[in-house]
Amino acid sequence: MSKKIKLDNGLLTEYLDGLTPLVAGRLGQFQQDAYDEGLPIISRDVANFLCTILAAKRPKNILEIGCAVGFSASLFAQFLPEGGKITTIDRFEYMINRAKENFDALGIAGKINLIEEDAGLALPKLASYGAKFDFIFMDCSKGQYIHFLPYCLEMLTSGGMLAVDDVLQNGDVALEFDQITRRQRTTYKNMREFLGAAISLEGCFASILPIGDGLLLITKE
């Protein structure tokens, strides 16, 4: 019997990254350029996974919290059915301007409603208007996830899905409190509280996937 060899996690990650292609076409070039510039967009494996989910679900109304330069919204737009719409939120002028340029270049500006405001202000307004979304993607300030969760759940339709990126914080979330640097302790505490709340939600199914820097999925019954 041959001896089993345990692969190093870093080597396995490198191998899987090599198997995961960029998005096809012009959007794939946008993706590569963003990686080359070090811009804050979703990792290749998370992008590929979300494509799989969205291809199956085909959500008509999507909410994104944290637009950045618009890559994720552009990716999601590929899976919108006829008449579908994406609402995305960002407060940083540089990101907003870059996102608008990218939406125009990709010919999808008509499918995107870009709210230029802090999500802490925009989400309560959307909820008060009775807005509903079939798919919500949250990739913003990590310390705010716990504060934004109630609005997301309120606006998520039955059978809808909430995906939250970067929940493992490079493994820091598993450390003891005194191992965390002082400037990161509030984010650490909030993320731990958020994950605890998310996993124990009544009327929902939740799972944390170790792809990218951790992806949380919540499906509302």
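Begin by selecting Ala24, which is exposed, with a relative accessible area of 62%, and which sits in the loop between α1 (9-19) and α2. Bear in mind from this stop onward that the model on your screen is a predicted one. If you add Asp134 to the selection, you have a pair that is 110 residues apart in sequence and 25 Å apart in space, C-alpha to C-alpha.

**From the loop into α2 and α5**

Select next helix α2 (residues 25-37) together with helix α5 (residues 93-106), and look along the two axes, which come within 11 Å and cross at roughly 155 degrees. That angle is over 145 degrees, and therefore α2 counts as roughly antiparallel to α5. The crossing of these two helices, α2 and α5, is right-handed. To see where they meet, show the side chains of Arg26, Leu27, Phe30 and Glu37 in α2, and then those of Arg98, Asn102, Ala105 and Leu106 in α5, with which they are in contact. Sorted by class, this contact of α2 with α5 holds 4 nonpolar, 1 polar and 3 charged residues.

**The largest nonpolar core**

Which residues touch the most other members of the largest nonpolar core? Select Leu50, Phe71, Leu75, Phe76 and Phe135, for these are the ones that do so among its 39 residues. Colouring by element shows where the core is drawn from, as at least two residues each come from α2, α3 (44-57), α4 (71-77), α5, β3 (112-116), β4 (133-138), β5 (156-165) and β7 (215-220). The element that gives the most to this core is α3, with 6 residues. In soluble globular proteins, nonpolar side chains tend to be buried together.

Stay with Phe76 for a moment and display its surroundings: leaving out residues up to four places away in sequence, Phe76 touches Leu50, Leu54, Ile62, Glu64, Ile86, Phe135 and Phe137. Another core, of 33 residues, lies apart from the largest one, and you can mark it by selecting some of its members, among them Ala119, Val164, Val167 and Cys204.

**Two alanines around α4**

Is Ala73, which is found in helix α4, buried or exposed? Ala73 has 0% relative accessibility, and because anything under 20% is taken as buried, Ala73 counts as buried. Residues up to four places away in sequence aside, Ala73 touches Glu64, Ile86, Phe103 and Ile112. For a sense of distance, draw a line from the C-alpha atom of Ala73 to that of Tyr35, which lies 38 residues away along the chain, and the separation is 16 Å.

Then move to Ala68, whose place is in the loop between β1 (61-65) and α4. Ala68 is also buried, with a relative accessible area of 13%, and its phi is near 55 degrees, a positive value in a residue other than glycine. A further residue to select for its backbone is Asp166, in the loop between β5 and α8, which has a positive phi of about 60 degrees although it is not a glycine.

**Around α7: α6 and α8**

Now select helix α6 (residues 119-128) and α7, which pack at an angle of about 30 degrees with their axes 10 Å apart. Since an angle under 35 degrees counts as roughly parallel, α6 is roughly parallel to α7. Here α6 passes α7 in a left-handed crossing. Ala119, Gly120, Leu123, Pro124, Leu126 and Ala127 are the residues of α6 that meet Phe148, Tyr151, Glu154 and Met155 in α7, and by class this contact has 8 nonpolar, 1 polar and 1 charged residues.

Keep α7 (residues 145-155) selected and add helix α8 (residues 185-199), whose axis comes within 8 Å of that of α7 and crosses it at roughly 30 degrees, which means that α7 is roughly parallel to α8. On the α7 side the contact is made by Tyr145, Ile146, His147 and Leu149, and on the α8 side by Asn190, Met191, Glu193, Phe194 and Ala197. By class, the contact of α7 with α8 has 6 nonpolar, 2 polar and 1 charged residues.

**Last stop: Leu201**

Finish with Leu201, which is found in the loop between α8 and β6 (204-209). Which residues is Leu201 in contact with, leaving aside its neighbours within four places in sequence? They are Leu153 and Ile218, and the C-alpha atoms of Leu201 and Ile218, 17 residues apart in sequence, are 9.0 Å apart in space.

Definitions and conventions: Residues are numbered from 1 along each chain as its sequence is written. This is a predicted model: local features need pLDDT of at least 70, side-chain atom pairs count only at pLDDT 80 or more; totals for chains, interfaces and linings use all residues. Side-chain values use heavy atoms; hydrogens and water are left out. Axes are lines fitted to C-alpha atoms, for helices over the stretch in contact, and angles run from 0 to 180 degrees between N-to-C directions. Helices (H or I, at least four residues) and strands (E, at least two) are DSSP runs, numbered from the N terminus. Angles under 35 degrees count as roughly parallel, over 145 as roughly antiparallel, 65 to 115 as roughly perpendicular and the rest as oblique. A crossing is left-handed if the near helix is turned anticlockwise from the far one by less than a right angle, and right-handed if clockwise. Contact means heavy atoms within 4.5 Å. Ala, Val, Leu, Ile, Met, Phe, Trp, Tyr, Cys and Pro count as nonpolar, Asp, Glu, Lys and Arg as charged, and the others, Gly among them, as polar. A nonpolar core is a set of buried Ala, Val, Leu, Ile, Met, Phe, Trp, Tyr and Cys residues joined through side-chain atoms within 4.5 Å. Buried means under 20% relative accessible area, exposed over 50%, partly exposed in between (1.4 Å probe, protein chains only).
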